[in-house]
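Reader: Before I accept any label attached to this model, I would like to see the criterion behind it. Please set each value beside its definition as we go.

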Amino acid sequence: MIEFRAVTKRFGDAEAVSSLDLVIPARRTTVLVGSSGSGKTTVLRMINRMVDPTSGTVEIDGTDVRERNPVELRRGIGYVMQSAGLLPHRRVLDNVTTVLRLTKVPKAAARERGLELMDTVGLDRGLAERYPQELSGGQQQRVGVARALATDPNILLMDEPFGAVDPIVRTELQEELLRLQRELAKTIVFVTHDIDEAFRLGDTVVLLEQGGRIAQQGTPAEILAAPASDFVASFIGADRGRRRLRVVEVDGRRLAVDADGRPAGVLEH
Ligand SMILES: Nc1ncnc2c1ncn2[C@@H]1O[C@H](COP(=O)(O)OP(=O)(O)OP(=O)(O)O)[C@@H](O)[C@H]1O
């Protein structure tokens, strides 16, 4: 479990995060969603001490992260960012195993583990000896995820990891992450500005307003069923056509259609 207690982060005079209280449950996916500048990345980076709070505490399983050595702390926390952040002059497998080698895992064992990780994230082992620029954007992101999983961390931080790929690849990567999470059950904290992605991936969704203020926190269904404010309703599109569905019957089948009459899906019963 990760717990923020009265956490404030100021950059100069500007308050990026204001007195945030937030509990992130273990072994679930929590998505932080909000518009640009709402403080999502800052919140995420305070977990692995890439950013330290100005005041307040961040605890992981009851221990203040400031009591931990930042380098060791980060080894136990996987981090995936938008541009996969791969080392361009190192081959795919070397990128995946960099941290393992730093922690003195012998070369052959690291290599075997690296290849297994490539399987885990759905990358063909045949790509192991390529350089990052010889991969598609989606493949590079998978390498980024494999690298983040290399030390088998309990916590995985993901900062807009699928933001730079096209919508089809993005959907594929989302499905892959859902599958991975069913298998691995990590504590995932995922940042996005895309509410559809948040609803798709999050067991819990935390909707942030400017200053890292929590506008609403809950399951996707809870948020959709009862938006806590006009801001939330507007952000999730509840006040727009797309999420206001009604049922029509076409050729004996019941369809859900949006306010413009465009089909959103078929009802089973
Ligand atoms: N290192 C920094 N120095 C100064 N200001 C910063 C720094 N990092 C973030 N900020 C400011 O803090 C606020 C929150 O930024 P943050 O990156 O956390 O937001 P975000 O919700 O992740 O935004 P985005 O979706 O655009 O990445 C912004 O106003 C930003 O300009």
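Author: Helices (H or I, at least four residues) and strands (E, at least two) are DSSP runs, numbered from the N terminus. On that basis the protein chain has nine helices and 13 strands. The model is predicted, so local features need pLDDT of at least 70 and side-chain atom pairs count only at pLDDT 80 or more, while totals for chains, interfaces and linings use all residues. Residues are numbered from 1 along each chain as its sequence is written.

Reader: Which residues surround the ligand, and what makes a residue count as near a molecule?

Author: The C-beta atom of the residue, placed from the backbone, has to lie within 6 Å of the molecule. The ligand is surrounded by F11, A14, A16, G34, S36, G37, S38, G39, K40, T41, T42 and H193. Two elements, β2 (14–24) and α1, give two or more residues to this shell, and α1 has the largest share, with three residues.

Reader: How does the shell around the ligand divide into nonpolar, polar and charged residues?

Author: Three of the shell residues are nonpolar, eight are polar and one is charged. The count depends on a convention in which Ala, Val, Leu, Ile, Met, Phe, Trp, Tyr, Cys and Pro are nonpolar, Asp, Glu, Lys and Arg are charged, and the others, Gly among them, are polar.

Reader: How do you know to what extent helix α1 is enclosed by the rest of the structure?

Author: A residue is buried if 20 or more other C-beta atoms lie within 10 Å of its own, exposed if 12 or fewer, and partly exposed in between, with C-beta atoms placed from the backbone. Seven of the eight residues of α1 (residues 40–47) are buried, so the helix is largely enclosed. The buried ones are K40, T41, T42, V43, L44, M46 and I47. Over the protein chain as a whole, buried residues make up 33% of the 269 residues.

Reader: What makes R49 stand out in its phi, and is R49 to be called exposed or buried?

Author: Most residues other than glycine have a negative phi. R49, just after α1 and in the loop between α1 and β4, has a positive phi of about 65° although it is not a glycine. As for the second point, R49 has 18 C-beta neighbours inside 10 Å and therefore counts as partly exposed.

Reader: Why is D152 placed in the class it has?

Author: D152 has 11 C-beta neighbours inside 10 Å and therefore counts as exposed. This residue lies in the loop between α5 (137–149) and β7 (155–159), and D152 too is a non-glycine residue with a positive phi, here of about 50°.

Reader: What is the order of the strands in the sheet that contains β1, and what makes two strands a pair?

Author: Two strands pair if DSSP finds at least two bridges between them. The open sheet has four strands in the order β2-β1-β4-β5, with antiparallel pairing. Seven bridges join β1 to β2, where R10 has E15 as its bridge partner. Between β1 (residues 2–11) and β4 (residues 55–60) there are five bridges, one of them linking R5 with T57. The two bridges between β4 and β5 (residues 63–64) reach the minimum of two, so these strands also count as a pair.

Reader: Why are β2 and β5 called edge strands, and how many residues lie between β4 and β5 in their hairpin?

Author: Each of the edge strands, β2 and β5, pairs on one side only. The β4–β5 hairpin has two residues between its strands, and D61 in the turn has a positive phi of about 45°.

Reader: What can be said of the protein chain's radius of gyration against that of a compact globule?

Author: The radius is taken over C-alpha atoms, and the globule rule is 2.2 Å times the number of residues to the power 0.38. For 269 residues a compact globule would have a value near 18 Å, and the 20 Å of the protein chain agrees with this. Along the principal axes, the C-alpha atoms fill a box of roughly 60 × 50 × 30 Å.
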